[in-house]
Structures are given as structure tokens and as C-alpha cells.
Amino acid sequence: PLVIGQQLTAYIKLIREDSKIDVSLRPMGLSAASGDQAVILKVITDAGGSVPYNAKSSSDEIKNVFKMSKKAFKRAVGGLYKNRKIAITDDGMSLGK
């Protein structure tokens, strides 16, 4: 939760026609994805090389374990899978071979 007077770094997502600005507290684009990928790899490594989470896991599980939204999780997992850093099964994910 945000607190009045709290100072945070935010990123401009969109400047709307009504002069309002949409902001995000998370960086956007590749910098966010690479940070999320590092978090996922760390969790898998710390768990001994495999975890019981994948794209079918609930949003709450993903948020509790990886500290990110399901959308960010799926984007990061897709990048890791594409680069063959992880393997995905019905039972979860493991480090790529």
C-alpha cells in the first residue's frame, strides 16, 4: 500500500488525451522482463533445480512465491523457455539442460 508523502520511482506508461498520466511502479519492457527472469531463476536454483509452478499455477501462488503478477511471470517464463534456460512440464519448471 502507498502512503501519502511516500516517494517512489515510477515509470510513465501513457499520457492520455485528457492530460492524465498512467504510471507504473515497475520498469516496463526488457528491463522488467530481465529482472523477473533473474527472480525466477533464483527461486528455481534455491529450490534445488525445480519448482512445482508453471503458467497453470494460481495468481496467488505466483504472487506469494515470485513476488510478481501472473502476467509478468508468464512473460518472464516465456523468455527463459525461449532461451532454453528452463524446461516446462505439467508438474512445474526446472533448469534447462
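**A hairpin, a three-stranded sheet and the salt bridges**

Asp90 and Lys56 form a salt bridge, with the closest N and O atoms 3.7 Å apart. I start with this pair because Asp90 sits in the loop between E4 and E5, while Lys56 sits in the loop between E3 and helix H2, residues 59–66, so the contact ties together parts that are 34 residues apart in sequence. Both ends are open to solvent by our criterion: Asp90 is exposed at a relative accessible area of 65%, and Lys56 is exposed at 69%. Please keep in mind that this is a predicted model.

Now the sheet around those loops. What is the strand order? The open sheet has 3 strands in the order E3-E5-E4, and the pairing is antiparallel. Its edge strands are E3, residues 50–51, and E4, residues 86–89, each of which pairs on one side only. Helix H3, residues 70–82, packs on this sheet and touches E4 and E5. The direction of H3 makes about 115° with that of E4.

Within the sheet, E4 and E5 run antiparallel and are joined by 4 bridges, with E5 covering residues 92–95. One facing pair here is Thr89 and Gly92, the latter in E5. Asp90, from the opening salt bridge, belongs to the loop between these two strands.

Next, the other pair of strands, E1 and E2. They pair in the antiparallel sense over 4 bridges. Together they form a hairpin with 5 residues between them, and Ser19 in the turn has a positive phi of about 70°. Across the hairpin, Ile12 stands opposite Val23 in E2.

How many of the 5 residues of E1 are buried? The number is 0, so E1 lies largely in the open. Ile15, which is found in strand E1, is exposed, with a relative accessible area of 60%.

That leads to the surface of the hairpin. Ile12, Ile15, Ile21 and Val23 form a nonpolar patch there, with about 400 Å² of accessible area together. The elements that give two or more residues to the patch are strand E1, residues 11–15, and strand E2, residues 21–24. As general background, side chains in a regular strand alternate between the two faces of the sheet.

The hairpin region also carries charge pairs. Arg16, Asp18 and Asp22 are linked in a network of salt bridges. Within this network, the side chains of Arg16 and Asp22 meet at 3.5 Å, N to O. Are these two residues buried, exposed or partly exposed? Arg16 counts as partly exposed because its relative accessibility is 35%. Asp22 is also partly exposed, at 25% relative accessibility. The cut-off for buried is under 20%.

Across the whole structure, the search finds 4 salt bridges. One of them lies within a helix: the side chains of Lys42 and Asp46 meet at 2.7 Å, N to O. Why are these two about one helical turn apart? Because they are 4 residues apart in helix H1, which spans residues 30–46. Lys42 and Asp46 are both exposed.

To recap, the hairpin of E1 and E2 carries a nonpolar patch to which Ile12, Ile15, Ile21 and Val23 belong. The open sheet is ordered E3-E5-E4, with helix H3 packed on it. Among the salt bridges, Asp90 with Lys56 ties together parts 34 residues apart in sequence, and Lys42 with Asp46 lies within H1.

Technical notes: Residues are numbered from 1 along each chain as its sequence is written. This is a predicted model: local features need pLDDT of at least 70, side-chain atom pairs count only at pLDDT 80 or more; totals for chains, interfaces and linings use all residues. Side-chain values use heavy atoms; hydrogens and water are left out. Two strands pair if DSSP finds at least two bridges between them. Contact means heavy atoms within 4.5 Å. Axes are lines fitted to C-alpha atoms, for helices over the stretch in contact, and angles run from 0 to 180 degrees between N-to-C directions. Patches are made of residues with over 30% relative accessible area and no salt bridge: like charges are joined within 9 Å, nonpolar side chains (Val, Leu, Ile, Met, Phe, Trp, Tyr) within 5 Å. Accessible areas come from the Shrake-Rupley method with a 1.4 Å probe; for residues, only the protein chains shown count as cover. Buried means under 20% relative accessible area, exposed over 50%, partly exposed in between (1.4 Å probe, protein chains only).
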